[in-house]
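Welcome! Here are some short exercises to try with the model in front of you, each followed by a worked solution.

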Amino acid sequence: MANYLNDVSRTFGEYLLIPGLTTKQCIPTNVSLKTPLVKFNKGASPAIHLNIPFVSAIMQAVSGPELAIELARNGGLSFIFGSQPIKSQAEMVRKVKKFKAGFVVSDSNLTPENTLHDVIQIVKKTGHSTIGITDDGTSNGKLSGLVTSRDYRMEKDDHKMKVKDFMTPFEKLIVGKSGMSLSEANQILWENKLNSLPVIDEKQNLAYFVFRKDYDSHRENPSELSDATNKKLLVGAGINTRDYKERVPALIEAGVDVLCIDSSDGYSEWQQETLKWIKTNYGNKIPVGAGNIVDGEGFHYLVDAGADFIKVGIGGGSICITREQKGIGRGQATALIDVARIRDEYLKKTGVYIPICSDGGLVHDYHMVLALAMGADFLMMGRYFARFDESPTKTLRVGSNYVKEYWGEGSNRAQNWQRYDIGGNESLRFEEGVDSYVPYAGNMKDNLDITLGKIKATMCSCGATSIEELQNNAKITLVSSTSIVEGGAHDVILKDQG
């Protein structure tokens with residue numbers, strides 16, 4: 001007969017945190033949200049950590065390059081969606097890696113013989129206002145001059161005018177030399193009040209640009225997630241268990257920092273084979289997360305196969321209908337508590353810490369703190385990030401409300417049947433996700449600051465100034481349905497909020 005588990009499958013909404021002693025040190029400015037992303041030996045440091053415990057879901061409607069850039073600037077990390085051709089996914093990774101490199105390879109270039117029309121078109125295409133003018137129009141051709149928005153008037157100047165007639169010529173440019181440090185380049189920018197500094201080699205070939213805005217951006221985003229050496233933003237990418245032998249090398253060549261196998265059910269030989277192939281061919285060069293699982297058996301299976309972090313959660317996402325369609329899954333809180341317990345036992349036995357990612361089931365911001373307290377090291381979210389300007393989807397007006405499109409990877413719209421692969425050659429026969437809207441919320445940073453402020457304030461109320469302290473010391477209680485009602489506004493007549 002089947003094995004029956006005695007515990008009840010519970011959600012985050014069934015729990016509350018009990019306040020701990022708030023000491024004078026427990027103030028939001030003292031709270032650190034730094035957390036490990038990949039496995040590490042006890043007493044050592046992880047190869048990659050997050051500055052905030054957020055990663056964006058591996059979804060077409062969420063994790064494009066624009067959101068990946070903005071999330072990394074604020075301390076988190078995106079996994080660029082894998083349900084697309086290998087070439088386009090690799091190009092998205094490159095776009096993120098090139099955004100903040102200190103020394104930026106120019107991807108907006110023209111020749112002196114091009115026209116103002118060509119300048120306008122390339123600005124529309126790339127969004128870049130600084131254009132390197134080289135003899136052959138390439139990113140590393142001989143530098144002839146520079147065009148910025150101050151060199152022309154789009155409304156009044158003749159669009160047939162040659163670039164050579166309005167560009168700032170090389171002779172009037174202040175340039176840097178290859179081999180200089182980023183600090184030296186920034187010093188030149190400041191001393192000469194420049195917005196950009198072309199860096200050339202000994203043959204006058206354009207090598208890089210250094211931008212003043214990148215320096216300002218780094219100062220404005222102290223939690224930015226970038227590598228220490230080159231100041232490049234970190235970015236992840238989703239892969240599947242079908243074309244990984246072609247996809248993984250292309251993503252590594254593009255500069256990806258971490259991979260994650262994207263599947264609704266990760267407890268499979270397909271994921272084991274994928275992990276073992278990557279570890280055999282690349283060793284520790286590229287960390288790989290795996291999942292999703294909901295119990296200790298799945299955890300051990302994927303860790304033994306070489307997973308660097310484990311993703312927990314089946315059927316808890318707002319657009320996921322896996323439980324409804326297939327009757328599999330587990331309440332997100334119960335799954336997380338169980339896997340975290342197994343993870344801690346594994347640490348005591350082996351001395352290796354395996355970070356856990358909680359994926360799905362988050363409705364309110366306080367649920368995020370509950371998930372962290374229950375053992376998650378970081379949270380993967382789709383609906384939360386889909387609402388922002390930086391997500392890849394359209395902003396629409398439906399009735400009197402502005403919304404953004406949001407669809408599941410298990411929907412027919414995503415056509416991502418590999419995520420639900422159970423072997424064989426059949427494609428997706430039924431949907432495990434829906435096509436929907438989410439309320440439009442504006443830019444990411446403003447919303448993220450509010451959410452992080454709530455998390456830090458809640459942690460202070462629990463007497464914790466780090467996620468590790470929260471996990472070790474938090475007190476959590478089950479709540480009844482009537483006490484949930486009691487927790488909201490009740491027995492009053494609310495004033496009109498409009």
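## Exercise 1: Inside a helix

In α13, the buried residues (under 20% relative accessible area, 1.4 Å probe, protein chains only) are Met444, Asn447, Leu448, Thr451, Leu452, Ile455, Met459 and Cys460. The model is predicted, with local features needing pLDDT of at least 70, side-chain atom pairs pLDDT 80 or more, and totals for chains, interfaces and linings using all residues. Residues are numbered from 1 along each chain as its sequence is written, and side-chain values use heavy atoms, leaving out hydrogens and water.

Task: find what the buried residues of α13 pack against.

Solution: look for contacts (heavy atoms within 4.5 Å). The partners are β5 (54-56), α1, α11 (365-373), α12 (383-386) and α14 (467-473). Helices (H or I, at least four residues) and strands (E, at least two) are DSSP runs, numbered from the N terminus.

## Exercise 2: Checking a length

Task: compare the expected span of α13 (residues 444-461) with the distance between its end C-alpha atoms.

Solution: the expected span is 1.5 Å times one less than the number of residues. For the 18 residues of α13 that should give 26 Å, and the end C-alpha atoms are 26 Å apart, so the two agree.

## Exercise 3: Ordering a sheet

Task: give the strand order of the open four-stranded sheet and name its edges.

Solution: start with pairing (at least two DSSP bridges between two strands). The order is β7-β8-β9-β10, with mixed pairing. At the edges, β7 (109-110) and β10 (168-169) each pair on one side only. Next, β9 (residues 143-147) pairs with β10 in the antiparallel sense over two bridges. Finally, Gly145 stands opposite Pro169 in β10.

Conventions
Buried means under 20% relative accessible area, exposed over 50%, partly exposed in between (1.4 Å probe, protein chains only).
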